[in-house]
Every structure is written in C-alpha cells, then in structure tokens.
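This report describes one protein model, going from the whole chain to its helices and then to single residues. Please keep the structure open while reading.

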Amino acid sequence: MDDDTPTEEVLDELFSTIESRKAKLPEDSYTTTLFTHEKGENYALEKLGEEATETILAAKDDDREELLYESADLVYHLLVVLAAHDASLDDLREELKSRF
C-alpha cells in the first residue's frame, strides 16, 4: 500500500494484501504467521480478542489516539479472520447493507 492510495480504498487494499499473503505465504510476513501458526486459527482469533480488549480499554480511558490505533489493529485482525474463512469485504458489505 502506498501513500497515494485514496482513503476510501484503504480497506480494499488492505484486504487484497491479506488475501495475497494467504495465497503466497511469504516467510517474512506477520500476516503469514497468522495463517500458519502452530496454534492454527486460534492464534488469529486470540489476536482478534486481544485487539478487541485493547480497543475497549482505549475507549474507556477516553484516549482517542489509542482508540484509533487499536481500532486499526482490530480491523486488520478481523479481516485476517474473514479471509481465513473465505469471506470477502463484499460479503461483509452485503451483510451490513442488509441491516438497513
């Protein structure tokens, strides 16, 4: 992802990168570790839970900067879990749209 990526496309770029890491499993990638850890899917799920807790605590502490930082981590780990289950951003968008 580069600095020229329009803000509204950041999630799509991120998810595309996650899917690419899932397919290619480059050795020097943290994302690869989430897909291949010896704990299996539990590792990514544990990270998702950890980031959710950190996001909650940042909100509780009324720390906007930390809230945004932890929220980005939370969204990233959620996207990894979605990719692990062959769900896409479009699937998520459709689910959200169906709730309106």
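The text below covers the overall fold, two helices and their packing, and a few loop residues.

**Basis**

This is a predicted model, in which local features need pLDDT of at least 70 and side-chain atom pairs count only at pLDDT 80 or more, while totals for chains, interfaces and linings use all residues. Residues are numbered from 1 along each chain as its sequence is written, and side-chain values use heavy atoms, with hydrogens and water left out.

**Overall fold**

The protein chain has five helices and zero strands, and along the sequence its pattern reads α-α-α-α-α. Helices (H or I, at least four residues) and strands (E, at least two) are DSSP runs, numbered from the N terminus. The C-alpha trace spans about 40 × 30 × 30 Å along its principal axes. Of the 100 residues in the protein chain, 25% count as buried. Buried means under 20% relative accessible area, exposed over 50%, and partly exposed in between, with a 1.4 Å probe and protein chains only. Taking the contacts in the protein chain with a separation of 6 or more, 53% are between residues 24 or more positions apart; contact means heavy atoms within 4.5 Å.

**Helix H1**

Helix H1 covers residues 10–24, and its 15 residues should span 21 Å at 1.5 Å a residue; the end C-alpha atoms are 21 Å apart, which agrees. The expected span is 1.5 Å times one less than the number of residues. The buried residues of H1 are Leu14, Phe15 and Ile18. Seen down the axis of H1, these buried residues fall within an arc of 95°, so they line one face of the helix. The arc is that of the directions from the helix axis to the C-beta atoms. An α-helix has 3.6 residues a turn, so residues three or four places apart point the same way. The face of H1 turned away from the buried side carries the exposed residues Ala23 and Lys24.

The buried residues of H1 pack against helix H2 (30–36), helix H4 (64–84) and helix H5 (89–97). After H1 comes leucine 25, whose phi is positive, near 45°.

**Helix H4**

The 21 residues of H4 should span 30 Å at 1.5 Å a residue, and the end C-alpha atoms are 30 Å apart, which agrees. Buried in H4 are Glu70, Tyr76, His77, Leu79, Val80, Val81, Leu82 and Ala83. These buried residues pack against H1, H2, helix H3 (41–60) and H5.

**Packing of H4 with H1 and H3**

H1 and H4 pack at an angle of about 50°, with their axes 10 Å apart. Axes are lines fitted to C-alpha atoms, for helices over the stretch in contact, and angles run from 0 to 180 degrees between N-to-C directions. H1 and H4 are therefore oblique to each other. Angles under 35 degrees count as roughly parallel, over 145 as roughly antiparallel, 65 to 115 as roughly perpendicular and the rest as oblique. H1 passes H4 in a right-handed crossing. A crossing is left-handed if the near helix is turned anticlockwise from the far one by less than a right angle, and right-handed if clockwise. On the H1 side, Leu11, Leu14, Phe15, Ile18 and Lys22 meet residues of H4, including Val75, Tyr76, Leu79 and Val80.

The axes of H3 and H4 come within 8 Å and cross at roughly 155°. That makes H3 roughly antiparallel to H4. The H3 and H4 crossing is left-handed. Residues that make the contact include Leu45, Leu48, Glu54 and Thr55 of H3 and Glu70, Leu74, His77 and Val81 of H4.

Glutamate 54, in helix H3, counts as partly exposed at 29% relative accessibility. Glutamate 54 and glutamate 70 are 16 residues apart in sequence and 6.2 Å apart in space, C-alpha to C-alpha.

**Loop aspartates with positive phi**

Aspartate 62 and aspartate 86 each have a positive phi in a residue other than glycine.

| Residue | Phi | Place | Relative accessible area |
|---|---|---|---|
| Aspartate 62 | near 55° | loop between H3 and H4 | 70%, exposed |
| Aspartate 86 | near 55° | loop between H4 and H5 | 65%, exposed |

Aspartate 86 comes just after H4.
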